[in-house]
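User: I have a model open and would like a close look at a single part of it. Please start there, then work outward to the parts around it.

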Amino acid sequence: MWRQSLIGLRMTLMLTILTGLLYPGLVTGICQMIFPNQANGSLIVKNGHVIGSALIGQSFTRREYFQPRPSAAGVDGYDPTASGGSNLGPTSQKLADRVKSSIAQFRKDNPDCTGPIPADLVTASGSGLDPQLSPASISAQAPRVAVARGISIDQIQQLASEFTEGRELGFLGEPRVNVMRLNIALDERFPGKQ
């Protein structure tokens, strides 16, 4: 019996070292060499302070900023420790009510947007932390941001086009704009009336 226990203990120790120390250390080292920015969280630093990550959405509520996609992560949204969607299905009345509320709020905040509202402005992503919006969602908010900053819509659209990322490998996904990076660029180029 002791012999069997000793074999099991040695296997546990060996696998703990292999899978708990060596393998993660190897993968971390490779990632640090090949993708150092992503391996360290794609942190955005301004004036020597980390202000966020390009990979995690954050809430922007002031009129002079583009507002991100709604978040169901955590009680107040955008909580990276509670990443996840609402898990409400298409027949859920709670989801329908939340989308109607989001549409009403968007119309109130963006009265110059008379066309259809892009879906990503009123629905949460699967993680609840999506940092990007579609170019259509940026265009829908552009008049509000332009007025709040005292600049033209063309200036906003030009800046947004600079931050529009294309499809991965030319065919995967959709074009998108990182909201945080765009808002930082707005502050740098058009500090305006804030």
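Where does Ser 125 lie, is Ser 125 buried or exposed, and which residues does Ser 125 touch?

Analyst: Ser 125 sits in the loop between H3 and S3. This is a predicted model, so read every value below as computed. The relative accessibility of Ser 125 is 11%. The cut-off for buried is under 20%, so Ser 125 counts as buried. Leaving aside residues up to four places away in sequence, Ser 125 touches Arg 69, Pro 70, Gly 85 and Asp 130.

Stay with that loop. Pro 111 is also in it, between helix H3 (93–109) and strand S3 (132–133). Pro 111 has 56% relative accessibility, so it counts as exposed. Thus the loop holds a buried residue, Ser 125, and an exposed one, Pro 111. Pro 111 and Gln 141 are 30 residues apart along the chain, and their C-alpha atoms are separated by 9.6 Å.

Next comes the strand that ends this loop. S3 belongs to an open sheet of 3 strands, ordered S3-S5-S4, with antiparallel pairing. S3 and S4 are the edge strands, and each pairs on one side only. H6 packs on this sheet and touches S3 and S5. The direction of H6 makes about 60 degrees with that of S5. S4 and S5 run antiparallel and are joined by 2 bridges. In one of the pairings, Glu 165 has Arg 176 of S5 as its bridge partner. In a regular strand, side chains alternate between the two faces of the sheet.

Look now at the loop between strand S4 (164–165) and strand S5 (176–178), where Leu 169 lies. Phi of Leu 169 is near 55 degrees, a positive value in a residue other than glycine. At 71% relative accessibility, Leu 169 counts as exposed.

H6 also meets a second helix. The axes of H5 (residues 153–162) and H6 (residues 179–189) come within 10 Å and cross at roughly 130 degrees. That angle makes H5 oblique to H6. The crossing of H5 past H6 is right-handed. From H5, the contact uses Ile 156, Leu 159, Ala 160 and Glu 162. From H6, it uses Leu 182, Ala 185, Leu 186 and Arg 189. By class, the contact residues are 6 nonpolar, no polar and 2 charged. H6 therefore has two sets of contacts to inspect: with H5 through the residues just named, and with the sheet at S3 and S5.

Last, turn to an earlier stretch of the chain. S1 pairs with strand S2 (residues 49–53) in the antiparallel sense, over 4 bridges. One of the pairings puts Ile 44 opposite its bridge partner in S2, Gly 52. S1 and S2 form a hairpin with 2 residues between them. Asn 47 is in the turn, with a positive phi of about 55 degrees.

Just before S1 is Ser 42, in the loop between helix H2 (36–39) and strand S1 (43–46). Phi of Ser 42 is near 50 degrees, again a positive value in a residue other than glycine. Ser 42 has 4% relative accessibility, so it counts as buried. Set Ser 42 beside Leu 169: both have a positive phi, but Ser 42 is buried and Leu 169 is exposed.

How values were computed. Residues numbered from 1 in each chain as written. Predicted model: local features only at pLDDT ≥ 70, side-chain atom pairs only at ≥ 80, totals over all residues. Heavy atoms only, no water. Buried < 20%, exposed > 50% of the residue type's maximum accessible area, 1.4 Å probe, protein only. Axes fitted to C-alpha atoms, helices over the stretch in contact; angles between N-to-C directions. Parallel < 35°, antiparallel > 145°, perpendicular 65-115°, else oblique. Left-handed = near helix turned anticlockwise from the far one by under 90°. Contact = heavy atoms within 4.5 Å. Nonpolar A, V, L, I, M, F, W, Y, C, P; charged D, E, K, R; others polar. Pairing = 2+ DSSP bridges.
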